[in-house]
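Reader: Please present the model, so that I may ask how each descriptive term applied to it is justified.

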Amino acid sequence: MAGVISGEFFGQQTDASRRKTEIVVKYFKAWAKIMTGIKIDSPRLNYLDLFSGPGIYDDGSKSTPVYILEELFKNPILVERVKLHFNDMRKSNVEALAKTIAQFPLADLRYPLSLTNYDAADYGSAVVRELQGYPTLSFVDPFGYRGITQRLLESLITPFGSDCIFFFNYNEIQRAVLNPKVLSHMQALFGISRFDQLRDLLRQPDIREKEQAIVDVTASALEDVGGKYSLFFRFRNVADSRTMHHLAFLSKNDKAYSLMKDIMAKASSSQTSGVANLTFSARVESSEERQLELFTDDPIEELKSILSHRFSGKTIAVGKIPGVHAEIDRLEAHNYTLANYKRALLQLEAEGKVTTNRPNRRKNTLADDVVIYFP
Ligand SMILES: C[S@@+](CC[C@H](N)C(=O)[O-])C[C@H]1O[C@@H](n2cnc3c(N)ncnc32)[C@H](O)[C@@H]1O
């Protein structure tokens with residue numbers, strides 16, 4: 001079955017589920033490479049999967065925890081530095097995961113792997129305490145939303161170098177927002193005032209605008225807890241008629257934001273002029289529709305005029321532009337990768353609309369540290 005992520009069971013791995021895992025594992029690899037390459041006080045890094053599942057589907061396909069272990073054991077530095085923590089409230093899943101991962105040389109890990117059996121709703125904060133404030137990449141992938149609170153997300157991204165990847169069921173959240181029985185869960189997840197905003201937005205008739213607005217409020221709720229930079233990768237249903245899930249990324253760091261955006265762009269099903277839609281659709285990938293134009297206007301032309309307007313009178317290094325743009329307007333900046341910015345800037349330079357501190361560099365190149373002068 002392509003496209004739908006399975007419900008409360010681990011029967012068959014879906015294409016969407018595979019894509020989700022791919023994004024998480026690629027980010028883990030990139031994050032770990034950066035974190036092991038910089039000088040920090042402590043050698044320890046954490047990878048936390050709070051809702052890990054059994055690690056293997058009934059059809060025998062591997063899932064995220066197993067791929068993370070495979071990556072880790074490819075690199076002796078990670079074996080020395082990463083503390084893994086897997087948790088699932090279902091005992092049977094923890095037992096299955098223990099069996100699955102026993103194939104790895106776990107005794108070689110400098111920091112013993114933790115495999116716990118807590119309900120995140122009750123013990124989420126206890127698990128987070130075990131991270132001891134070390135840089136942590138956390139993956140939060142519940143079936144629902146129980147146990148996910150603003151406070152938990154905040155504690156996950158607070159330590160230096162920490163980022164969180166949060167997979168949520170967009171449809172279920174919409175239903176839950178309107179269900180008075182789970183009001184306290186929703187308020188704990190969004191904060192009281194954002195929750196009220198969200199409830200009002202659900203009345204919006206236009207589905208696309210509604211989704212955009214809901215994502216925006218969710219991003220604001222994440223920003224309230226320190227997730228200054230956030231990204232949302234959309235998963236569509238098999239018929240490509242509805243959004244089912246979002247993979248949200250939260251970080252305090254603009255480099256992490258750019259890094260994840262590149263990964264999400266490569267994982268996207270469509271793009272126009274090199275600008276990805278940050279969306280997975282099994283239908284689009286399996287059909288000619290992949291070639292469909294997603295944007296009415298050329299997105300690079302649009303970016304050029306956005307840059308000229310937003311950065312008018314400013315002097316800024318190329319590598320800083322994506323983060324600053326996201327701070328100015330999160331939604332406007334959302335889909336543009338650093339490569340997209342560079343392409344737009346090179347065109348602006350050729351048209352004489354910006355200048356740089358290195359006019360005589362190699363043709364068609366723009367290093368991150370080149371300074372742009374916007375008139
Ligand atoms: C979507 S699955 C995780 C899939 C996994 N991340 C992967 O990539 O294979 C969600 C898991 O969360 C567990 N779970 C649900 N509610 C939980 C809670 N409150 N605390 C801890 N685990 C929970 C379920 O038992 C289930 O195994």
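Reader: Which residue is the bridge partner of Thr355 in S13?

Author: The bridge partner of Thr355 in S13 is Tyr373. This is a predicted model, in which local features need pLDDT of at least 70 and side-chain atom pairs count only at pLDDT 80 or more, while totals for chains, interfaces and linings use all residues. Residues are numbered from 1 along each chain as its sequence is written, and side-chain values use heavy atoms, with hydrogens and water left out.

Reader: Why are S12 and S13 said to pair?

Author: Pairing requires that DSSP find at least two bridges between two strands, where a strand is a DSSP run of E of at least two residues and a helix a run of H or I of at least four, both numbered from the N terminus. S12 and S13 (residues 371-373) have 2 bridges, in the antiparallel sense, and therefore meet that definition.

Reader: What makes a strand an edge strand in the open sheet with the order S11-S13-S12?

Author: An edge strand pairs on one side only, as do S11 (315-317) and S12 (355-356) in this sheet of 3 strands.

Reader: What is the order of the open sheet of 8 strands?

Author: The order is S3-S2-S1-S4-S5-S7-S6-S10, with mixed pairing. Its edge strands are S3 (114-116) and S10 (279-280). Within this sheet, S4 (residues 136-140) and S5 (residues 163-169) run parallel and are joined by 4 bridges; Val140 stands opposite Phe166 in S5.

Reader: How do you know that helix H4 packs on the sheet, and which strands does H4 touch?

Author: H4 (residues 91-101) touches S2 (82-87) and S3, contact being heavy atoms within 4.5 Å. The direction of H4 makes about 155 degrees with that of S3; such angles run from 0 to 180 degrees between N-to-C directions, the axes being lines fitted to C-alpha atoms, for helices over the stretch in contact. Helix H6 (residues 150-157) also packs on the sheet, touching S1 (45-49), S4, S5 and S7 (243-251).

Reader: Where is Gly161 placed?

Author: Gly161 lies in the loop between H6 and S5. Beyond its neighbours within four places in sequence, Gly161 is in contact with Trp31, Met35, Pro135, Thr136 and Lys252.

Reader: What makes a residue one of those that surround the ligand?

Author: One of its heavy atoms must lie within 4 Å. There are 19 such residues, the closest being Thr64, Asp88, Asn93, Ala120 and Asp141.

Reader: Why is the pair between a nitrogen atom of the ligand and the side chain of Asp141 called a polar contact?

Author: The distance to an N or O atom of that side chain is 2.7 Å, and a polar contact is a pair of N or O atoms within 3.5 Å, so the term applies.

Key. A polar contact is a pair of N or O atoms within 3.5 Å; within protein, one must be able to donate a hydrogen and the other to accept it, and residues adjacent in sequence count only if both atoms are side-chain atoms.
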